[in-house]
Structure formats: structure tokens, C-alpha cells
Amino acid sequence: MNNTELKNRKTLPSKPERHKLFGSVEPGPKTKPVDKEKMADLQNSKKDFLFDIDAVGIANVKNPINITSNLIPNNQTTIGTFRFTSRIDKDSKGTNMSRFTEQLDAYYKKNYSIDIDTLKRFTKDLAIRLKQKDAQMEVSFPWFFERKGPSSELAGLNHADAGIKVTYDQDKGHYIEVTLAGTITTLCPCSKEISEYSAHNQRGRVEMTAVLSEDFDENETDWKEALLEAAESNASARIHPVLKRPDEKMVTEQAYENPRFVEDIVRLVAADLYELPFVERFTISCRNEESIHLHDAVASLSFDKNKDA
Ligand SMILES: Nc1nc2c(ncn2[C@@H]2O[C@H](COP(=O)(O)OP(=O)(O)OP(=O)(O)O)[C@@H](O)[C@H]2O)c(=O)[nH]1
């Protein structure tokens, strides 16, 4: 910038003056207490408020999390989306919302890992912090895993959407439910059967929710890997980030050799989850994004090993 340009530059008012220009005003007279002890505490008022509340808390909380995985990368940092709640009875006006994020930050500072044992501790600590008999947390996160091309062995990262829901109840103990949604290739059996050549295929999303047995040991089994394998091993073919021509030929032929309807997928995945000893009950859904329609094909089933077996 030369001297003439510098001289022609506009002189702006100061930042406080600019704020006034755009409508900011001086603070008014203040009469309410500023000390926490003297402030009204509406949410802690005790009275008959007519109804118990099943779940009150906060949702859509995002925080960085550490997870471990049996598949590479074995340790990863990803983003967790949380929901925290507890019951309150009809004698309490409200919960203490700040305590949920206060506890999350305390765990974050301890560099905690999102594993089931830690989350069991988390929910029990949360119930104590809230002075309630129960607490529930849900966390969902993208889980990354390395996948190699079947012939070239060239690697890249795939991801699935994972979730854990843990409930602590002073009288009943812990309840644990896990969710995994993975992506697969399916090739239409009907299309293969009726056509002189080719068959249309689709990208399917398989979502599995499983209630885990009390004795489930995460040190022995990575539930994420087990559920992913249930979805992928029953598909027409797996999804790959990197495919060279020899890989593509293998994947295409494998899909043709293993045609699947959306119904076939939920039943075959159900058979695998039925055989996993640490799964007590499960729900499976599959949504295929059809390549010859604008709509999707969907199927779902639920099974309880204790009731339906
Ligand atoms: N209970 C309740 N609080 C809400 C809601 N929306 C916002 N909040 C706010 O959450 C803020 C923090 O609440 P608390 O955790 O009770 O704060 P506090 O009483 O200073 O915290 P403690 O010292 O832990 O008791 C309050 O200022 C509430 O106004 C709501 O729908 N319900």
C-alpha cells in the first residue's frame, strides 16, 4: 500500500463505539443476587408436580472420544454424540442439567475410553452426581476400520456407525445395548434369475441392535467387529475404499455368485447373531438403495433368545 492509499483509508470508530452504533446499550440497574448461594434454585423446588418423568436430560452433545478396536486402527479418536437422562419423581420440579456436561468433562479430562466397563462406571457416577436412583447414557460415533482390496491388498478406511446405550438402575443394575449400522453390496436374485445376462445391484445399510448378556467381556470380544462381520459375511459382497481391476472383477463375480434379497439379509444376519453367545436379543433392519427404482427396499426382524427360541 503506498502513502496516498494509506491517507485515503477510512478511520473506523473504536469497537465499543461501533457496538453502540449498532444498538448496544449500557447495563440497566441490577437487583438480583449474583452469589450462587443466594440465587433462586427453581429446578430444586419440592412440591407435588403431579407426574413422575421417565427421562429428562440433554441430547445432541458432541465431544471427542477415544475408542479401541480389534480392527486397524486399534486406537482412534472420533466424535461422540451423546444423550444423558435420568428419571425424576413428581416431587422434584427439575433435574440439574449442568451436571451431565460437568461429568462428561471430568471423564474427558481423565482421557477416558468409550468401553462398556467405563460407561457402566459413568452411569453409576452420574446417578450419584444427580442424586437420582438411575441414569442413562447413549453415545453414537463413526467407527473406522481398515479394509484391503481382495486381490491387490491395497488398504483404505471404511466406517460404520456404532452406538452404545447404558442404563444404570440402583435396584436392577446395568442394561447394555449396542448398535452397529454397516454398508454392504447386494445383488438382486430375481434380476439374476430372469435376465439373459447381468443383474442389478444395490448398496444396502444393515442396522443391528443387540442387548448384551451381563457377563459380556469386552477384553475377549470386540462387539463392533462381531456385528460388522455378521452383516458383511452374509452380503453379496463387501464394500471397499480401494479397488484395482483384479479386485473389482473379484467383487463383481462374488456378488453374482451370492445374490440376496433384503429378506435374505435380515434372516442370514439373524442366524449369525443367534449364534453369538453374548447377544441376548436383537433387532435387524436392512435398507437397500435400489439402482432400478427411486425408492428403497426395506426389511426388519426382532428376536429374543429367551422368549422366541
Ligand atoms: N431443569 C432444567 N434446567 C434447564 C432447562 N433448560 C435450561 N436449564 C438450565 O440449566 C442450568 C443449570 O442447571 P443446574 O445444573 O441446576 O445448575 P446449578 O443449580 O447451578 O448446579 P448445581 O450446583 O450442580 O446444583 C439452569 O440455569 C437452568 O436454567 C430445562 O428445561 N430444565
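## Helix α6 and its cap

In this predicted model, the N-terminal end of helix α6 is capped by Asp 222, which places a side-chain oxygen 3.0 Å from the backbone nitrogen of Lys 224. The helix itself runs over residues 223-232, and because eight of these 10 residues are buried, α6 is largely enclosed by the rest of the structure.

The buried residues of α6 include nonpolar ones such as Trp 223, Ala 226, Leu 227 and Leu 228, but Lys 224 and Glu 232 also belong to the buried set. Lys 224 therefore appears twice in this part of the account, since its backbone nitrogen takes part in the cap and the residue is also buried within a largely enclosed helix.

## The nonpolar cores

Trp 223 leads from the helix to the largest nonpolar core, which has 57 residues and in which Trp 223 is among those with the most contacts. The others named for their many contacts inside this core are Phe 82, Phe 84, Ile 114, Ile 164 and Met 208. Apart from this core lies another, of five residues, among them Ala 199, Ala 237, Val 251 and Ala 255.

Phe 84 shows what the surroundings of such a core residue look like, for, leaving out residues up to four places away in sequence, it touches Val 56, Gly 57, Ile 58 and Val 61, as well as Phe 100, Leu 104, Phe 122, Leu 126, Gln 136 and Met 137. Gly 57 and Gln 136 are thus among the residues that Phe 84 touches, although neither is of a kind that counts towards a nonpolar core.

## Two serines, both buried

Ser 86 is found in strand β2, and because its relative accessibility is 2%, where buried means under 20%, it counts as buried. When residues up to four places away in sequence are not counted, Ser 86 touches Asp 54, Ala 55, Val 56, Leu 130, Gln 132, Asp 134 and Ala 135. Val 56 is also touched by Phe 84.

Ser 92 lies instead in the loop between β2 (75-88) and α3 (98-109), and with a relative accessible area of 11% it is buried as well. Its side chain makes a polar contact of 3.0 Å with the side chain of Lys 46, and, with its neighbours within four places in sequence left aside, Ser 92 is in contact with Ser 45, Lys 46, Lys 47 and Phe 49.

## Exposed residues before strand β1

Lys 47, one of the residues in contact with Ser 92, has its place in the loop between α2 (15-21) and β1. At 57% relative accessibility Lys 47 counts as exposed, yet it is in contact with Lys 90, Asp 91 and Ser 92 once neighbours within four places in sequence are left aside. The C-alpha atoms of Lys 47 and Leu 6 are separated by 68 Å, with their positions 41 residues apart along the chain.

Phe 51 is placed in the loop between α2 and β1, and it is exposed, with a relative accessible area of 65%. Phe 51 touches Asp 89 and Lys 90, not counting residues up to four places away in sequence, so that Lys 90 is a residue touched by Phe 51 and also in contact with Lys 47. From C-alpha to C-alpha, Phe 51 and Ala 299 are 38 Å apart in space, while in sequence they are 248 residues apart.

## Backbone details

The peptide bond from Ile 72 to Pro 73 is cis, with omega near 0°, and Pro 73 lies in the loop between β1 (53-68) and β2. Asn 60, in strand β1, has a positive phi of about 60° although it is not a glycine, and at 58% relative accessibility it counts as exposed. Ser 198 has a positive phi of about 65° and is likewise not a glycine; its place is the loop between α5 (189-194) and β6 (201-212).

## Around the ligand

The ligand is surrounded by Lys 36, Asp 41, Gln 43, Thr 95, Asn 96, Met 97, Ser 98 and Arg 99, and by class this shell has one nonpolar, four polar and three charged residues. An oxygen atom of the ligand is 2.7 Å from an N or O atom in the side chain of Gln 43, and a ligand oxygen is 2.6 Å from an N or O atom in the side chain of Arg 99. For Met 97 the atom concerned is a backbone N or O, which lies 3.4 Å from an oxygen atom of the ligand. Of the 660 Å² of accessible area that the ligand has on its own, the protein covers 51%.

Key:
Residues are numbered from 1 along each chain as its sequence is written. This is a predicted model: local features need pLDDT of at least 70, side-chain atom pairs count only at pLDDT 80 or more; totals for chains, interfaces and linings use all residues. Side-chain values use heavy atoms; hydrogens and water are left out. A nonpolar core is a set of buried Ala, Val, Leu, Ile, Met, Phe, Trp, Tyr and Cys residues joined through side-chain atoms within 4.5 Å. Buried means under 20% relative accessible area, exposed over 50%, partly exposed in between (1.4 Å probe, protein chains only). Contact means heavy atoms within 4.5 Å. Helices (H or I, at least four residues) and strands (E, at least two) are DSSP runs, numbered from the N terminus. A polar contact is a pair of N or O atoms within 3.5 Å; within protein, one must be able to donate a hydrogen and the other to accept it, and residues adjacent in sequence count only if both atoms are side-chain atoms. A residue is near a molecule or strand if one of its heavy atoms lies within 4 Å of it. Accessible areas come from the Shrake-Rupley method with a 1.4 Å probe; for residues, only the protein chains shown count as cover.
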